[in-house]
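Okay, thanks for coming, everyone. I'll put the structure up and talk you through it, from the sheet to a few individual residues.

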Amino acid sequence: MADASIQIEVVYASVQRQVLKTVDVPTGSSVRQALALSGMDKEFPELDLGQCAVGIFGKVVTDPAARVLEAGERIEIYRPLVADPMEIRRLRAARAREKRGLPG
């Protein structure tokens, strides 16, 4: 007889702390259902688990409500970016050019 539940991990890192939880969820649970069962929204009240970006082992999940979990998978909850990485690189390159005295 197959198990009625599987074990997964849910991880989130705020600026101050990080939490990794092992969670038992019913077999056939979606990513969104597992997030609701994880209790991460109680650990981090600022999280909106219905809207936040998530991934599994570093790959973004585009439809968390449809993606069914397998045993041993790790759901990663992503924080929104504070700044655009491309803009940061552009500004850094401009400052480096200025220091070297090169034209922009």
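**A helix across the sheet**

Let's start with helix H1: it lies across E1, E2, strand E3 (54-56) and strand E5 (74-77), and runs at about 115° to E2. Keep in mind that this is a predicted model.

Now the sheet itself. What order do the strands come in? It's E2-E1-E5-E3-E4, five strands in an open sheet with mixed pairing. At the edges you have E2 and strand E4 (59-60), each of which pairs on one side only. As a general reminder, strands in a sheet pair through backbone hydrogen bonds, parallel or antiparallel.

Let's zoom in on one pair. Strand E1, residues 5-13, runs antiparallel to E2, and nine bridges link them. The connection from E1 to E2 is a hairpin of four residues. If you want landmarks, Ile 8 has Val 23 as its bridge partner in E2, and Val 10 has Lys 21.

Stay on E2, since the side chains alternate along this strand. Val 19, Lys 21, Val 23 and Val 25 point to one face and are buried. Pointing to the other face, and not buried, are Gln 18, Leu 20, Thr 22, Asp 24 and Pro 26. Yes, that puts a lysine, Lys 21, on the buried face.

On to the core. Which residues have the most contacts inside the largest nonpolar core? They are Ile 8, Ile 75 and Ile 77, in a core of 21 residues. E1, E2, H1, E3 and E5 each put in at least two residues, and E1 gives the largest share, with four.

Take Ile 77 as an example. Leaving out residues up to four places away in sequence, this side of the story is a long list: Ile 77 touches Val 10, Val 11, Tyr 12, Leu 35, Met 40, Leu 47, Leu 49, Cys 52, Ala 53 and Val 54.

Then there's Glu 76, also in strand E5. Buried or exposed? Glu 76 has a relative accessible area of 10%, so it counts as buried, the cut-off being under 20%. The side chain of Glu 76 makes a polar contact of 2.5 Å with the side chain of Arg 74. Not counting residues up to four places away, Glu 76 touches Val 11 and Ala 53, then Val 54, Gly 55, Ile 56, Phe 57 and Gly 58.

Another polar residue to look at is Ser 29, in the loop between strand E2 (18-26) and helix H1 (31-38). Ser 29 is at 5% relative accessibility, so this one is buried as well. A polar atom of the Ser 29 side chain sits 2.6 Å from the backbone oxygen of Pro 26. Further along the chain, beyond four places in sequence, Ser 29 touches Arg 67, Val 68 and Leu 69.

For contrast, Asp 41 is in helix H2, residues 40-43. With a relative accessible area of 30%, Asp 41 is partly exposed. Setting aside neighbours within four places in sequence, Asp 41 is in contact with Leu 47 and Leu 49.

Last stop, helix H3, residues 85-100. How far apart should its ends be? At 1.5 Å a residue, the 16 residues should span 22 Å, and the end C-alpha atoms are 23 Å apart, so the two agree. Right after H3 comes Gly 101, with a positive phi near 80°.

That's the tour. Questions welcome.

Terms used
Residues are numbered from 1 along each chain as its sequence is written. This is a predicted model: local features need pLDDT of at least 70, side-chain atom pairs count only at pLDDT 80 or more; totals for chains, interfaces and linings use all residues. Side-chain values use heavy atoms; hydrogens and water are left out. Buried means under 20% relative accessible area, exposed over 50%, partly exposed in between (1.4 Å probe, protein chains only). A polar contact is a pair of N or O atoms within 3.5 Å; within protein, one must be able to donate a hydrogen and the other to accept it, and residues adjacent in sequence count only if both atoms are side-chain atoms. Contact means heavy atoms within 4.5 Å. Two strands pair if DSSP finds at least two bridges between them. Axes are lines fitted to C-alpha atoms, for helices over the stretch in contact, and angles run from 0 to 180 degrees between N-to-C directions. The expected span of a helix is 1.5 Å times one less than its number of residues. A nonpolar core is a set of buried Ala, Val, Leu, Ile, Met, Phe, Trp, Tyr and Cys residues joined through side-chain atoms within 4.5 Å.
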